Amino acid sequence: MKRIRYSELLMYFALSLGGLVSVLPMIYMLSTSLKPNGALYEYPPHFFPSKSNITVENYIYIFQQQKFYINFINSLLVSVLTVALAAAISTSLAFCIARFRFPGRKMLFGLVIATMIIPGTALIVPQFELATFLHITNKLWGLIPFYVAWVIPFSTFMIKGFIEGIPRDFDEAVYMDGGSVFTVFRVIAVPLSGPAIASVSIFNFLTAWEEYPWALTVINDNAKRTLPIAIAGFFGEHQFTQWGYVFAMSVASLIPVLIIFICFQRYFVKGLQTGGIKG
């Protein structure tokens with residue numbers, strides 16, 4: 001029987017502690033969403049609700065609100081389109097940088113990487129001026145170009161590292177069979193870099209799904225707002241903040257995220273490991 005070293009025990013303890021700290025906010029959010037609003041101010045406070053206090057009235061309330069479904073669909077539409085466009089653009093850009101040698105190639109990739117260090121809040125004013133010039137303020141689809149621009153640098157960086165790990169012999173085989181560079185991209189690059197595309201798509205979905213400041217800045221119509229703004233709206237909708245409604249809606253907003261993580265977990269891990277090492 002293999003003996004476990006103290007260093008391994010310490011590592012397991014640190015990982016367990018870190019995992020516990022990470023999931024505690026989600027557990028508290030779930031437990032709070034199952035409490036009646038009056039029980040949130042009880043003293044002494046309880047982390048978990050008692051059996052007599054467990055209720056689903058908070059979920060019943062939010063699911064009866066038509067605006068919840070409108071905001072939910074708005075967020076889903078924006079997130080899905082952002083993921084699709086970002087995957088197509090970043091994969092094409094990563095393929096060109098990884099497979100071709102052209103003047104300014106390193107400078108182009110350097111500019112892509114440099115944009116990753118620019119804080120998003122520093123771009124709100126010029127982005128708003130650009131959105132006003134393009135007449136896409138207060139329009140739901142006007143969010144998509146900016147979200148796509150935000151996620152392309154990181155997506156390109158990850159996918160490029162993955163494509164560089166694909167042997168060039170595959171490309172040569174396609175060329176020998178009469179295929180073009182577009183055939184190589186469609187038959188070789190895209191299928192074999194699927195794990196990297198899937199992993200960055202999860203990040204891109206999260207970025208568009210939970211983004212708040214920019215959507216609040218350019219969208220004024222409640223029917224066009226996304227789910228994070230709707231959740232924030234509960235803070236001022238009632239005389240006192242109904243925390244049960246807030247946490248219930250927050251839990252409901254996690255459902256698409258959990259589904260995506262469960263379905264693409266293996267691609268997510270593989271894409272991060274390979275793309276991050278080779279990038």
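For the pocket linings described here, Ala, Val, Leu, Ile, Met, Phe, Trp, Tyr, Cys and Pro count as nonpolar, Asp, Glu, Lys and Arg as charged, and the others, Gly among them, as polar. By that scheme, the lining of the second largest pocket in this predicted model comprises ten nonpolar residues, two polar and one charged. This pocket holds about 300 Å³ of space. Of its 13 lining residues, Glu210, Ile231, Ser250, Ser253 and Leu254 are the closest to the centre. Helix H9 (194-210), helix H11 (227-237) and H12 each give two or more residues to this lining, and H11 gives the most, with five.

A good place to look next is H12 itself. Helix H12 (residues 243-253) contains Met249, which counts as buried because its relative accessibility is 2%. Beyond its neighbours within four places in sequence, Met249 is in contact with Ile62, Phe68, Leu227, Ala230, Ile231 and Phe234. Its C-alpha atom is 8.4 Å from that of Ser33, although 216 residues separate the two along the chain.

Ser33 leads to helix H1 (residues 6-33), whose 28 residues reach 40 Å from the first C-alpha to the last. H1 bends by about 35° at Val23, with Pro25 following within four residues. Met29, Ser31, Thr32 and Ser33 are buried in H1, and the buried residues of this helix pack against helix H2 (57-63) and H12.

The largest pocket has a volume of about 470 Å³. Among its 19 lining residues, Ile118, Gly120, Leu123, Gln127 and Trp150 are the closest to its centre. Helix H6 (143-164) gives the most to this lining, with six residues.

Note on methods. Residues numbered from 1 in each chain as written. Predicted model: local features only at pLDDT ≥ 70, side-chain atom pairs only at ≥ 80, totals over all residues. Heavy atoms only, no water. Buried < 20%, exposed > 50% of the residue type's maximum accessible area, 1.4 Å probe, protein only. Contact = heavy atoms within 4.5 Å. Expected span 1.5 Å × (residues − 1). Bend = angle between axes of the 7 residues up to and from the residue. 1 Å grid on protein atoms, 1.4 Å probe; cavity = no way out; pocket = protein on both sides within 12 Å on 5 of 7 lines; lining within 4 Å. Points joined across faces, edges and corners; volume = space filled by probe spheres on them.
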